[in-house]
Amino acid sequence: QSVVPGQELLVLSTARSIGQSAAARKQIIEALRSELTDLRTQIQSEREAFVLQEKAVREEIVSLRDRLQKLVGQREVLQTGLELAERDLARLTALDATQFVSDADQDRARAATIEFRLRLHDLDLSVDALQSDIRRNRQLLQEIPVRSRARAAELRAESRRLSIAVTENMGWETQRVLAPSAGIVSGLLVREGQTISMSNPLLNIVPEDGEFFAELLIPSRTI
């Protein structure tokens with residue numbers, strides 16, 4: 001058969017099964033589109049969640065710094081009180097060596113010194129805890145963008161996969177194979193209903209201006 005450029009030669013079905021109905025394909029496409037829509041909503045929601053988390057961590061760091069600053073101020077007051085109590089205790093101890101000082105006065109001075117030291121100890125523990133919290137939140141603040149980018153890349157990859165699946169399923173119908181040039185079909189290499197791959201030859205076309213060669217076999221007895 002002679003063909004001209006662009007002439008339809010074959011029609012290929014790209015459906016995964018020949019008997020698959022249009023309704024079934026439509027149902028699959030709708031399910032994929034719904035999943036893709038949900039995924040896009042999830043991407044936006046998680047992006048907003050990361051933004052809110054970053055904002056919350058920054059606010060927490062500010063709050064911790066304010067509390068730390070107050071504790072530092074309180075520590076300075078307690079340190080001053082401890083120094084005064086220690087000087088008072090030292091004065092009473094020195095006076096007791098030269099003149100009478102009641103034991104009650106010395107006990108009060110000693111108790112005041114111990115009280116200031118205990119309060120300073122507790123305050124130092126609180127300062128250490130706040131500093132630890134600040135370091136932890138700063139580390140978290142650095143990790144949030146990294147986790148956000150990694151998660152966004154993961155969701156985008158899934159979105160691309162679904163988009164490709166939708167495109168592939170929408171293209172299940174048929175594909176037409178057209179003649180690339182004028183010529184003569186010399187052989188059909190496939191049959192109806194046969195499954196083929198991308199590398200399968202479908203038919204042979206001899207170009208219109210191609211040269212033919214014939215090889216004749218003549219019995220020797222006829223010469």
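Me: Why is Asp-133 called partly exposed?

Reply: Its relative accessible area is 27%. Buried means under 20%, exposed over 50%, and partly exposed lies in between, using a 1.4 Å probe and protein chains only. A value of 27% falls in between, so Asp-133 is partly exposed.

Me: What kind of model do these values come from, and which rules apply?

Reply: This is a predicted model, in which local features need pLDDT of at least 70, side-chain atom pairs count only at pLDDT 80 or more, and totals for chains, interfaces and linings use all residues. Residues are numbered from 1 along each chain as its sequence is written, and side-chain values use heavy atoms, leaving out hydrogens and water.

Me: How confident is the predictor, and where is confidence lowest and highest?

Reply: pLDDT is the predictor's confidence in each residue, from 0 to 100. The chain averages 82, and 85% of the residues score at least 70. Strand β3 (residues 174–178) is lowest, with a mean of 71. Helix α2 is highest, at 90. Helices and strands here are DSSP runs, numbered from the N terminus: H or I over at least four residues for a helix, E over at least two for a strand.

Me: What makes Asp-133 and Arg-136 a salt bridge?

Reply: The term needs a side-chain nitrogen of Lys or Arg within 4 Å of a carboxyl oxygen of Asp or Glu. Asp-133 and Arg-136 meet at 3.8 Å, N to O. That is within the limit, so the pair qualifies. The two residues are 3 apart in helix α2, which means about one helical turn between them.

Me: Why does the Glu-143 and Arg-147 pair count too?

Reply: Their closest N and O atoms are 3.9 Å apart. The cut-off admits that distance, so this is a salt bridge. They sit 4 residues apart in α2, about one helical turn. Glu-143 is partly exposed at 33%. Arg-147 is partly exposed at 35%. Elsewhere, salt bridges with shared partners join Glu-46, Arg-151 and Glu-154 into one network.

Me: How do you know that Arg-91 pairs with Asp-88?

Reply: The closest N and O atoms are 2.7 Å apart, and the pair forms a salt bridge. Both residues lie in helix α1, 3 residues apart, about one turn of the helix. Arg-91 has a relative accessible area of 46%, so partly exposed is the right label. Asp-88, at 28%, also counts as partly exposed. The whole structure holds 11 salt bridges.

Me: Is Thr-113 buried or exposed, and what makes it so?

Reply: Thr-113 is in α2. Its relative accessibility is 2%. The buried limit is met, so Thr-113 counts as buried.

Me: What makes the Thr-113 to Ala-85 approach a polar contact?

Reply: The term covers a pair of N or O atoms within 3.5 Å; within protein, one must be able to donate a hydrogen and the other to accept it, and residues adjacent in sequence count only if both atoms are side-chain atoms. The Thr-113 side chain reaches the backbone oxygen of Ala-85 at 3.4 Å. That distance is within the cut-off, so the label applies. Not counting residues up to four places away in sequence, Thr-113 also touches residues including Leu-82, Glu-86 and Leu-89. Contact means heavy atoms within 4.5 Å.

Me: Why is Gln-106 called buried?

Reply: Gln-106 has 9% relative accessibility, so it counts as buried. It lies in α2, residues 103–170. Beyond neighbours within four places in sequence, it contacts Leu-89, Leu-92, Thr-93, Asp-96 and Val-101.

Me: What makes the largest nonpolar core a core, and which residues belong to it?

Reply: A nonpolar core is a set of buried Ala, Val, Leu, Ile, Met, Phe, Trp, Tyr and Cys residues joined through side-chain atoms within 4.5 Å. The largest has 10 residues, among them Leu-64, Leu-82, Leu-120 and Ile-134. α1 (22–98) and α2 each supply at least two of its residues. A second, separate core of 9 residues includes Ile-29, Ile-43, Leu-162 and Ala-165.

Me: How do you know that β1 and β4 pair?

Reply: Pairing requires at least two DSSP bridges between two strands. β1 (residues 2–3) and β4 (residues 183–188) have 2 bridges, antiparallel. The requirement is met, so they pair. Ser-2 stands opposite Ile-184 in β4. β4 also runs antiparallel to β5 (residues 203–207), joined by 5 bridges. There, Val-206 is the bridge partner of Ile-184.
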